[in-house]
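Here is a short round of questions on one protein model. Look at the fold first, then read on.

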Amino acid sequence: MLTTRACLLGLLLAGVFQVTHASIAERPIDGGLGITFGQPLAPGQLGAELSSTQVPHVQLPANREFVMPDLVPGDVLPWRYFPGIVLPRPLRGMAHRSFIMLDTQRQPIRVLAQVEMQGCGENYQWLKDTLIKKYAVRGEVEISPLPGYEQALRVTFSEKQIDLYCGPHLVIQYLNFAALKAWSVAQYKRYQVYERNEEDNRRRRMVLDRRRAVQFADAFTLGDRYKLDGAFGVQFKQPFARNSTQQFPVDVPFFAVLPDLPPAFSAGDIQLVISPQRHPIVIRGTFHDIAFEDVKEALRAKYGTPLKSTDRHVIHKVSAHHAILKKLAVDTIELAFIDTVAQAEQRERLWGKESEGL
């Protein structure tokens, strides 16, 4: 089955359209309004670039069904103001706005003018008669006007055409549909290359972001992605401050001053709960001015998908250990690491003390 983009390319290459054969000219349409199809314009002949939303009547004529391609961001836009317009003799001196669509070689694809002429009087009739005569048109040139307009005509030769509308103002445009298709196919292919490059860049950014996140996680955790051996330089299953003669509380939290903390965590408050053997049970820190999302992504990058994840609470289970992140306030987080086996043993000890003598 063809993909959506493959189908789009097929439409571009095939140039799906229908031509009203009743208005086919016997003489070629080489251009008009001051341009010649196939001949590039000098930069000095052009005005400012425009987005398609800034161009009136930018929609293609009804006999040309076509899917316009996406443009590569930063590329030169195809639409420009066209101060060098040459209006037909009866329209000269009238207020007007004129626009031109160019390919990458600055060759005209479409050119149109909106003239402040109301109604469909002698000037419209003169334009109609002159076009029929100049291009030796066979058949009827009149077509159904756009909503709000009074009359319209179309002259076609091969894949070039002229459209004229009158009513609230007069619109005349020349279109080289073959050039439009060629430009569109080239733009489509350019956009495919751009998308591939963007996807490659996105993957590289993801790899770099994950690497940075893992490095951040390694700065405050011990062990690899499969083992959580401790945090902030304190290791589970090893006596805390082995060589210290200080008597630390057992099974109750106490504040600890830890050396060599990562800069981001150096101003926080860290509490420990240790067993009678001084083995850490809980390592818990409260920190300010550390982004919750940064720590969340760091833990995910190192340990994978969390057991629980909300915008305020994250839990990772790594074997028998837990890493728990909480957002306490806008600028405050709590980060705790728990040896769940040691914690279960602690509960038994505390229950034994509570129920002693019964």
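Q: In β15, which residue is the bridge partner of Phe-255?
A: This is a predicted model. Strand β14 covers residues 254-255, and β14 pairs with β15 (residues 269-274) in the antiparallel sense over 2 bridges. The partner of Phe-255 in β15 is Gln-271.

Q: What is the strand order of the open sheet of 7 strands?
A: The pairing in this sheet is antiparallel. The order is β14-β15-β16-β20-β19-β18-β17.

Q: Why is one side of β14 and of β17 left without a neighbour in the sheet?
A: β14 (254-255) and β17 (308-309) stand at the edges. One side of each stays free of a sheet neighbour because each has a single partner strand.

Q: At about what angle does helix α5 run to β20?
A: Helix α5 spans residues 340-354. It lies across β15, β16, β19 and β20. Its angle to β20 is about 80°.

Q: To which strand does helix α4 run at about 20°?
A: Helix α4 takes in residues 292-303. It lies across β17, β18, β19 and β20. The strand at about 20° is β18 (313-318).

Q: What radius of gyration does the protein chain have?
A: The C-alpha atoms fill a box of roughly 115 × 45 × 40 Å along the principal axes. A compact globule of 358 residues would come near 21 Å. The chain has 37 Å.

Q: What share of the residues in the protein chain is buried?
A: Buried here means under 20% relative accessible area. The chain has 358 residues. The buried share is 44%.

Note on methods: Residues numbered from 1 in each chain as written. Predicted model: local features only at pLDDT ≥ 70, side-chain atom pairs only at ≥ 80, totals over all residues. Heavy atoms only, no water. Pairing = 2+ DSSP bridges. Helix = DSSP H or I, 4+ residues; strand = E, 2+ residues; numbered from the N terminus. Contact = heavy atoms within 4.5 Å. Axes fitted to C-alpha atoms, helices over the stretch in contact; angles between N-to-C directions. Rg over C-alpha atoms; globule rule 2.2 N^0.38 Å. Buried < 20%, exposed > 50% of the residue type's maximum accessible area, 1.4 Å probe, protein only.
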